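Here is a short tour to follow in your viewer. Start with the whole chain, then zoom in step by step.

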Amino acid sequence: ALMSALETSLIIAAVATVVATSIALTAALAIIRGKNVRFRKLSETIVNLPLLLPEIVLAVATLILFSLVGVQNGMVKLIVAHSAFCTPFAFLPIRARLQGMSLDLEEASADLYASRWTTFRRVTLPLIFPGVFSGAMLAFLISMDDFITSMMLSSGGTTTLPVYIFSLIRSGTSPELNAIATLLILASLVLATLALVVAARGSRDNA
């Protein structure tokens, strides 16, 4: 049961991280680098909306939406809900990185007749990669740690690790629970250290 819950959480977190980071990167490029973006503040508020709402409200609203649409697959519901909830956490580091990046290199690339895709792939993305990586790691950790949304939307066969840990706590502490908590803390420390190293290396390379 423990390994099944861990596998479910890892699958959901991995897919949600990819989806949330892709949406956050696209939104950051459109909002920060867009030249004719109307309602810029409104667009940024919509992206950050999951941060402004209590998680229980978002979870209940998502549950009602899936009931109206008729989605029954628990894995799909969790992936969609986690992706929506994690998007602003991935968006904030990417936006900060874009705002702090000079336009000189992108303009030089355009002067050398590079296409927008080539400029993004060869210039912009390498420069903002530390922010993208930090946002992805933050989204992954938030998804792995999410309990309220997972508790509301999980069904048979889609029990996530936080929900499984909660079921263990209800029956009292045990060596298994202590071991799980220790491993989660160690994994969080490893990911946080890796994100800091990548961010520091990116800042040194830019300098």
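**Stop 1: the whole chain.** Show the cartoon and colour by secondary structure. The chain has 10 helices and 0 strands. Follow the cartoon from the N terminus: the elements run α-α-α-α-α-α-α-α-α-α. Keep in mind that this is a predicted model.

**Stop 2: the overall extent.** Switch to the C-alpha atoms. Along the principal axes, they fill a box of roughly 65 × 40 × 25 Å.

**Stop 3: the contacts.** Which share of the contacts with a separation of 6 or more comes from residues 24 or more positions apart? The share is 79%.

**Stop 4: the surface.** Turn on the accessible surface. The total for the chain is about 11900 Å². Carbon and sulfur atoms account for 68% of that area. Now colour by burial. Of the 207 residues in the chain, 37% are buried.

**Stop 5: the charges.** Select the charged side chains. There are 14 positive and 11 negative ones. Mark the centre of each set. The two centres lie 7 Å apart.

**Stop 6: one residue.** Select residues 175–206, which form helix H10. Within helix H10, pick Leu-196. Is Leu-196 buried or exposed? Leu-196 has a relative accessible area of 62%. The cut-off for exposed is over 50%, so Leu-196 counts as exposed.

**Stop 7: a distance.** Keep Leu-196 selected and add Leu-68. In sequence, the two are 128 residues apart. Draw a line from C-alpha to C-alpha: Leu-196 and Leu-68 are 42 Å apart in space.

Notes
Residues are numbered from 1 along each chain as its sequence is written. This is a predicted model: local features need pLDDT of at least 70, side-chain atom pairs count only at pLDDT 80 or more; totals for chains, interfaces and linings use all residues. Side-chain values use heavy atoms; hydrogens and water are left out. Helices (H or I, at least four residues) and strands (E, at least two) are DSSP runs, numbered from the N terminus. Buried means under 20% relative accessible area, exposed over 50%, partly exposed in between (1.4 Å probe, protein chains only). Contact means heavy atoms within 4.5 Å. Accessible areas come from the Shrake-Rupley method with a 1.4 Å probe; for residues, only the protein chains shown count as cover. Lys and Arg count as positive and Asp and Glu as negative; His and the chain ends are not counted. The place of a charge is taken as NZ of Lys, CZ of Arg, CG of Asp or CD of Glu.
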